Structures are given as C-alpha cells and as structure tokens.
Amino acid sequence: MSVAVAPYGSWESPLSAEAVAVASSSVGSVVVDPTDPTRVYWLESRPSEGGRNVLLSKLVDDYDDSTLVNHLADSKWNVRTAVHEYGGGAYTVYGKTIVFVNWADQGLYVLEENGEPRRIGEKEEGVRYASFAVHPSGKYVVCVREDHRGEGEAKNTLVAVRLDGKGGKDTVLFDKSDFVSSPVFGSDGREIAFITWNHPDMNWDATVLWRANVVESQDEGVVCALQALAEVAGGEGQPRESIYQPRFDAQGVLHFIGDRTGFWNPYHVDGSGSVALSLAKPMPAEFAGPEWTFGASTFQPVTGRASSMAVTFHLEDTTRLGILN
C-alpha cells in the first residue's frame, strides 16, 4: 500500500464537504395534532434535496417507521417561512388538516387528509405568514402576517384566514404593535391569547401578554373581531418582563413564562384575574430561552391531568424534563 505525502493543509480527501453535508439531515419543529395525539409530525431538512424542509409524520409508538408518511413528497414543496427572516412556526396540524407556508412563494397553504395543497390567504407578493393557531371549529386559522407591500418597514399584524379560501382577504385582528407572536386559543375556542412587543426591544427584553374574546360572524362562524381585549402582563403599569409561550389548559386557565425575577419561570392567571407564580417559590432556572424564531415549545398542558404542565428547564448546567402541578 502506497502512502501519499502532502504539505499541511493541501491534503486531498476522498470525502468532500458536499458529500458529508448531503449524508446528514436534521429534524425539528415537532407538532402533535391535539385532536389525534397518536401521531407526531416534524420537519426534516434534507441537504440531498437542496436543503428543503420535508413534512413527515408517524404514529408515536412506531419504532420501525412502518407508519411513516411524507405529506409533501413533491420537490416543489419546502415548508419554511421568511417572517422576521429567521422563520420558525411554518406549519401546524389540527383535525388532520395541515396549514403550512411554502418557501418558494411564501404562500399559505392548507392540506386536508387525502387531498392536495390548496393556497389560501392573500396571494400577493410581499405577504408572509407564521405562528399558526387553528380554531377548534376548523374553519379558520389565526396567525402572524408580515406585510412588505407598502413602503418602509414591514407591518406585522395578527390576522384570521379562512381555511376554505373564500373571500381571499385576511381579517386583521390586532395591529397596535411593531411585532406580534404566539397566538393560542382556549380549548373551547372562545378566548385567544398572544404576545406583542415594540421597538427598540427584542422579545427577550420586554413583551406584553394579551387575551381577548373571539367574536364570530353569526352567518358563517368565522372570526371577525376581538372583544374585551386586555393586557394580562407586561403592559402599562405592570412589571416590565419578557413573556413567552401563552398556553390555555383544559380548564381555561391561562399559563405563560415570564422573567420578572430575572429567570424565565412559569406563571398563571388565577381565578381573580391576578398573575401568580406556578412554583412554590421562584427558581434560579430558565423554563424558556431567547426566541429568535417562532414556534418554541418548552411548556405544554398535559392532556387528561387538570392544571398540569409538561416543562423543560435549565438548572445548574443541566436541562431537565418535569411535570408542574
């Protein structure tokens, strides 16, 4: 066997950087359909296919991929949003219906079971969508819309989009802040919560948590406005804090993560409407991290367990998984 000798830094390897990159893929953006928790969905980034994000799913107890489904096999589909440029929160699933953004045109699409993707929302160039919450009725989705159609800085609003595609126009629900994120419905669909923030803050500096009642049109049951809109935390006259991940549990209690103590700890809104710590005492632990992208999830209600939350938290250089009662 001959041995090749070459100066430092000039060795020609049989393995190219491209070959190494193409051989690996990454997964993320895990979603579980709340109406069917037996199946888990995720995005897989495939360098071998130009880096596109493929939407896959399988049953949670499938360990040999026998139930694996590629929902968007055609190479023209790439589940990725450009909102805030960093993206994230590019799809959701509810009632086996998938709502997603396609990278090429930043269009919003709906994919029903055994169907083909169908474009919804406003179809003009310069409109981007992210951070989706499908109403329990299955008639519409509420999300962030980033609008680049005008002059100057893009306008971020909270909008409702009909899943049947009728009308062709989004309904603007909230437009009073520079940024908006993380809409979530209560289990009965009558309430919604979301967070906002303004320049010069980033969302890890200070945000405001809002909640409101959903007002629907009487003829078609599609949201047309928000009523009784109120600042829950982080607003005027309240402690300045970074608030993330609003969540309603099955009993209608609103939970969130806030850093008013200097650490992102879990809180909830009690029966009197006051914000209360969800721990026995504040912990020097982080139950969340800076949200550069949409779709972060370190904090979720536990199905079938009243007032219980599944949490991950970072304490003493270790990330841990726990149940918060």
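The legends below accompany close-up views of a predicted model.

**View 1. The hairpin formed by strands β1 and β2.** Strand β1, residues 26–32, and strand β2, residues 39–46, run antiparallel and are joined by 5 bridges. The connection from β1 to β2 is a hairpin that passes through 6 residues. Within this pairing, S26 stands opposite S45, the latter belonging to β2.

**View 2. The largest nonpolar core and the strands that supply it.** This core has 27 residues, and those with the most contacts inside it are L209, L254, F287 and V311. At least two core residues come from each of the strands β13 (179–185), β14 (191–197), β16 (223–233), β17 (243–248), β18 (254–258), β19 (265–269) and β22 (309–315). Of these strands, β22 gives the most to the core, with 4 residues. In soluble globular proteins, nonpolar side chains tend to be buried together.

**View 3. The surroundings of L254, and a second core.** When its neighbours within four places in sequence are left aside, L254 is in contact with A193, L209, R211, V232, P246, R247, F248, Y267, H268 and V269. A second core, separate from the one that contains L254, has 22 residues, including A133, I192, A212 and V222.

**View 4. The open sheet β13-β14-β15-β16.** The 4 strands of this open sheet follow the order β13-β14-β15-β16, and their pairing is antiparallel. Strands β13 and β16 are the edge strands, each of them pairing on one side only. From one strand to the next, the twist averages 30°. The antiparallel pairing of β13 with β14 extends over 5 bridges, and in this pairing V180 has T196 in β14 as its bridge partner.

**View 5. The open sheet β21-β22-β23.** Here 3 strands form an open sheet in the order β21-β22-β23, again with antiparallel pairing. The edges are formed by β21 (299–301) and β23 (318–324), each of which pairs on one side only. Neighbouring strands of the sheet are turned against each other by 25° on average, with direction ignored. Strands β22 and β23 pair in the antiparallel sense over 7 bridges, and the bridge partner of T312 in β23 is L321. Strand β22 is also the strand that gives the most residues to the largest nonpolar core.

**View 6. Two salt bridges, E49 with R52 and D164 with R162.** In the salt bridge between E49 and R52, the closest N and O atoms are 2.6 Å apart. E49 counts as partly exposed, at 32% relative accessibility, whereas R52 is buried, with a relative accessible area of 4%. The side chains of D164 and R162 likewise meet in a salt bridge, with an N to O distance of 2.8 Å. D164 is partly exposed, with a relative accessible area of 39%, while R162 counts as buried at 18% relative accessibility, because the limit for buried residues is under 20%.

**View 7. The salt bridge between D201 and R240, and a charged network.** The side chains of D201 and R240 meet in a salt bridge at 2.6 Å, N to O. This pair links distant parts of the chain, 39 residues apart, with D201 in the loop between β14 and β15 (208–216) and R240 in the loop between β16 and β17. D201 counts as buried at 16% relative accessibility, whereas R240 counts as exposed at 58%. Elsewhere, salt bridges that share partners join E122, E124, R145, D147, R149, K169 and D170 into one network. In total, the structure holds 20 salt bridges. Side chains of opposite charge can pair when their charged atoms come close.

**View 8. The stacked aromatic pair F256 and Y267, and a ring cluster.** The rings of F256 and Y267 form a stacked pair, with 5.8 Å from centre to centre and 15° between the planes. Because F256 lies in strand β18 and Y267 in strand β19, the pair ties together parts that are 11 residues apart in sequence. Both F256 and Y267 are buried, and Y267 is also one of the residues in contact with L254. A separate panel may show the cluster in which ring pairs link W77, F100 and Y109. The count of aromatic pairs comes to 13.

Technical notes. Residues are numbered from 1 along each chain as its sequence is written. This is a predicted model: local features need pLDDT of at least 70, side-chain atom pairs count only at pLDDT 80 or more; totals for chains, interfaces and linings use all residues. Side-chain values use heavy atoms; hydrogens and water are left out. Two strands pair if DSSP finds at least two bridges between them. A nonpolar core is a set of buried Ala, Val, Leu, Ile, Met, Phe, Trp, Tyr and Cys residues joined through side-chain atoms within 4.5 Å. Buried means under 20% relative accessible area, exposed over 50%, partly exposed in between (1.4 Å probe, protein chains only). Contact means heavy atoms within 4.5 Å. A salt bridge is a side-chain nitrogen of Lys or Arg within 4 Å of a carboxyl oxygen of Asp or Glu. Axes are lines fitted to C-alpha atoms, for helices over the stretch in contact, and angles run from 0 to 180 degrees between N-to-C directions. Rings of Phe, Tyr and Trp (its six-membered ring) pair if their centres lie within 6.5 Å; planes under 30 degrees apart count as stacked, over 60 as edge-to-face and the rest as tilted.
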